[in-house]
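Please open the structure in your viewer and keep the selection tool at hand. The tour below proceeds stop by stop, stating what to select and what is to be found there.

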Amino acid sequence: MLTVALPKGELLKNSIRLLQAVGLDFSAFLDSGTRQLQIPDASGQAKALLVRAQDVPVYVEYGQAQLGIVGYDVLREKQPQVAHLVDLQFGYCRMSVAVKASSPYKSPLDLPPHGRVASKYVNCAREYFQNLDLPIEIVPLYGSVELGPITGMSEAIVDLVSTGRTLRENGLIEIATLYESTARLIAHPLNYRLNTGNLSDLISKLRESALAKVY
């Protein structure tokens, strides 16, 4: 039986709609009353796991799921050993450097050497500033990173931005974009190469549906 790892949160609804377009129905996950973390499709040919977005590539990499849907931001941060298959073209956001609007920093290069940058995306932030040849201390925070500059703990943050509303409401502005992120279809590399369970047909259908923007 094919197993698909689906992410909790913002990407779930469009992920389910995309799978429905190719004949796999996991809409029970959208029922606010359900606590199920694993459900089968009515056809009996597939099941889905509902997991934290950061865990999707883990389930795929370790072979507990043959396919997964996850944001590119997670793939960039974790660098899992999975096959990157399709840009699904939903869940757009960007990874940005942001500072207090009242600060003198107009560019990341204006940040002071050995200054602090708060982020839950520690690896991406570290790589970005290393490429700028700017020595920065990365402060790991996993909730409300906007408080870093507000409290003075950090000069800047590196975080995902969608509409920018949260930044604006907290007096922060973007000064650089590291990369843009959308939802991606990933697969277990060996299953993909061996075309286990005729994966290639399903992947082709998902690619066509993504291009048609069925969600």
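Begin by selecting D133, which follows just after helix α4 and adopts a positive phi of about 60 degrees. Please bear in mind throughout that this is a predicted model.

From D133, step back into helix α4 itself, residues 122–131. Select V122, C124, A125, Y128 and F129, which are buried. On which side of α4 do these residues lie? They lie on the same side, because the arc they cover around the axis is only 170 degrees. A general rule is helpful here: an α-helix has 3.6 residues a turn, so residues three or four places apart point the same way.

Now rotate the view to the face of α4 turned away from the buried side; there the exposed residues Q130 and N131 are found. Next, display what covers the buried residues of α4: the cover includes helix α3 (72–78). Strands also contribute, among them β6 (93–100), β7 (115–119), β8 (136–140), β9 (156–161) and β10 (172–181).

Remain with strand β10 and select I173, which is located in it. Is I173 buried, exposed or partly exposed? I173 counts as partly exposed because its relative accessibility is 34%, and the partly exposed class falls between 20% and 50%. Leaving aside residues up to four places away in sequence, I173 touches V97, A98, V99, K100 and A101. Select S102 as well: S102 and I173 are 71 residues apart along the chain, yet their C-alpha atoms are separated by 9.1 Å.

The next stop is strand β3, residues 46–51, in which 5 of the 6 residues are buried. Which strands pair with β3? Strand β1 (residues 2–7) runs parallel to β3 and is joined to it by 6 bridges; select L6 to see it opposite L50 of β3. Strand β2 (residues 38–40) runs antiparallel to β3, with 3 bridges between them. Here, select I39, whose bridge partner in β3 is A48. The hairpin of β2 and β3 has 5 residues between the strands, and G44 in this hairpin takes a positive phi near 75 degrees.

For the final stop, select V58, Y59 and Y62, which make a nonpolar surface patch of about 310 Å². Of these, Y59 lies in helix α2, residues 56–61. Y59 is classed as partly exposed because its relative accessible area is 33%.

Definitions and conventions
Residues numbered from 1 in each chain as written. Predicted model: local features only at pLDDT ≥ 70, side-chain atom pairs only at ≥ 80, totals over all residues. Heavy atoms only, no water. Patch = residues over 30% accessible without salt bridge, like charges linked within 9 Å, V, L, I, M, F, W, Y side chains within 5 Å. Areas by Shrake-Rupley, 256 points an atom, 1.4 Å probe, with all protein chains shown as cover. Salt bridge = Lys/Arg side-chain N within 4 Å of Asp/Glu carboxyl O. Helix = DSSP H or I, 4+ residues; strand = E, 2+ residues; numbered from the N terminus. Buried < 20%, exposed > 50% of the residue type's maximum accessible area, 1.4 Å probe, protein only. Arc of directions from axis to C-beta. Contact = heavy atoms within 4.5 Å. Pairing = 2+ DSSP bridges.
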